[in-house]
Amino acid sequence: MKAVAVFTNRGLNRILSEGGTQAWSLKPGNAKKFKYVVCTQNRDDGDWGAPTHAQGQGFLIGKLKDVLPSPEGRPDRYIITFDQYAEIDVPNMAYQWRNPVRYIELSDFGIDPDKLTWKPAQPYTYGEPLRAASLPDSTPPETLGLDIAEAKKALSVFYRVPVNNIEILIRG
């Protein structure tokens, strides 16, 4: 069985709180053909996405629900939503991938969806603001902060204005 696989800096808690994995440059029609999305961890971009697993580890599989424009407000970027998910542990799954979005065969990585324990996922409704600030209580406090770029993206979605129209002033 084939699936969409993504190489993401966002960790498990952040993906679940946002209602899907984003902001991917892909063709929605192609991605919608698949029943599953698999998230693999990318730690090369620092800690902005609150990564939770080892570099390259496959850690989440979701039953693909929809592919929608990303709530981050970036043109031609998409969020892949899912209504159920299961945690997986596939070390080095994304080793040396050139592109962050791939189409894979689940059996090549020893993943059998029929043998997984599926849990309901928090639904995502297009147009609602990002929920990064509502991460589960088990999330370490240092991962709850936002940098300026993330804050501008979230405010852009919430107020429905372009990111370039958001200015943030910090006085300390």
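1. Starting with the pocket: the largest one in this predicted model comes out at a volume of about 250 Å³. Of its 20 lining residues, Arg10, Gln22, Ala23, Trp48 and Arg74 are the closest to the centre. If you want to place the pocket on the fold, look at β1 (2–8), β2 (20–24) and α3 (148–159), the elements that each give two or more residues to the lining.

2. What sort of residues line the largest pocket? By class, you get 9 charged, 7 nonpolar and 4 polar residues.

3. On to the aromatics: searching the whole structure turns up 2 pairs. Phe34 and Tyr103 count as stacked because their planes are at 20 degrees, with the ring centres 4.9 Å apart; the cut-off for stacking is under 30 degrees. Phe34 sits in the loop between α2 (28–31) and β3 (36–41) and Tyr103 in strand β6 (residues 101–105), so this pair ties together parts that are 69 residues apart in sequence. As for burial, Phe34 is buried at 17% relative accessible area, whereas Tyr103 is partly exposed at 35%.

4. Then there's Tyr36 with Trp118, also a stacked pair, at 5.9 Å centre to centre and 25 degrees between the planes. Here strand β3 supplies Tyr36 and the loop between β6 and β7 (119–120) supplies Trp118, so the parts tied together are 82 residues apart in sequence. Both Tyr36 and Trp118 are buried.

5. One more thing to check around Trp118: which residue lies over its face? That's Lys63, at 4.7 Å from the ring centre. Trp118 therefore deserves a look from two sides of the story, as a stacking partner of Tyr36 and as the ring under Lys63.

How values were computed: Residues are numbered from 1 along each chain as its sequence is written. This is a predicted model: local features need pLDDT of at least 70, side-chain atom pairs count only at pLDDT 80 or more; totals for chains, interfaces and linings use all residues. Side-chain values use heavy atoms; hydrogens and water are left out. On a 1 Å grid over the protein atoms alone, a cavity is a set of points where a 1.4 Å probe fits but cannot get out, and a pocket is an open set with protein on both sides within 12 Å along at least five of seven lines; lining residues have an atom within 4 Å of a point. Grid points are joined across faces, edges and corners, and a volume is the space filled by probe spheres set on the points. Helices (H or I, at least four residues) and strands (E, at least two) are DSSP runs, numbered from the N terminus. Ala, Val, Leu, Ile, Met, Phe, Trp, Tyr, Cys and Pro count as nonpolar, Asp, Glu, Lys and Arg as charged, and the others, Gly among them, as polar. Rings of Phe, Tyr and Trp (its six-membered ring) pair if their centres lie within 6.5 Å; planes under 30 degrees apart count as stacked, over 60 as edge-to-face and the rest as tilted. Buried means under 20% relative accessible area, exposed over 50%, partly exposed in between (1.4 Å probe, protein chains only). A charge sits over a ring if NZ of Lys or CZ of Arg is within 6 Å of the ring centre and within 35 degrees of the ring normal.
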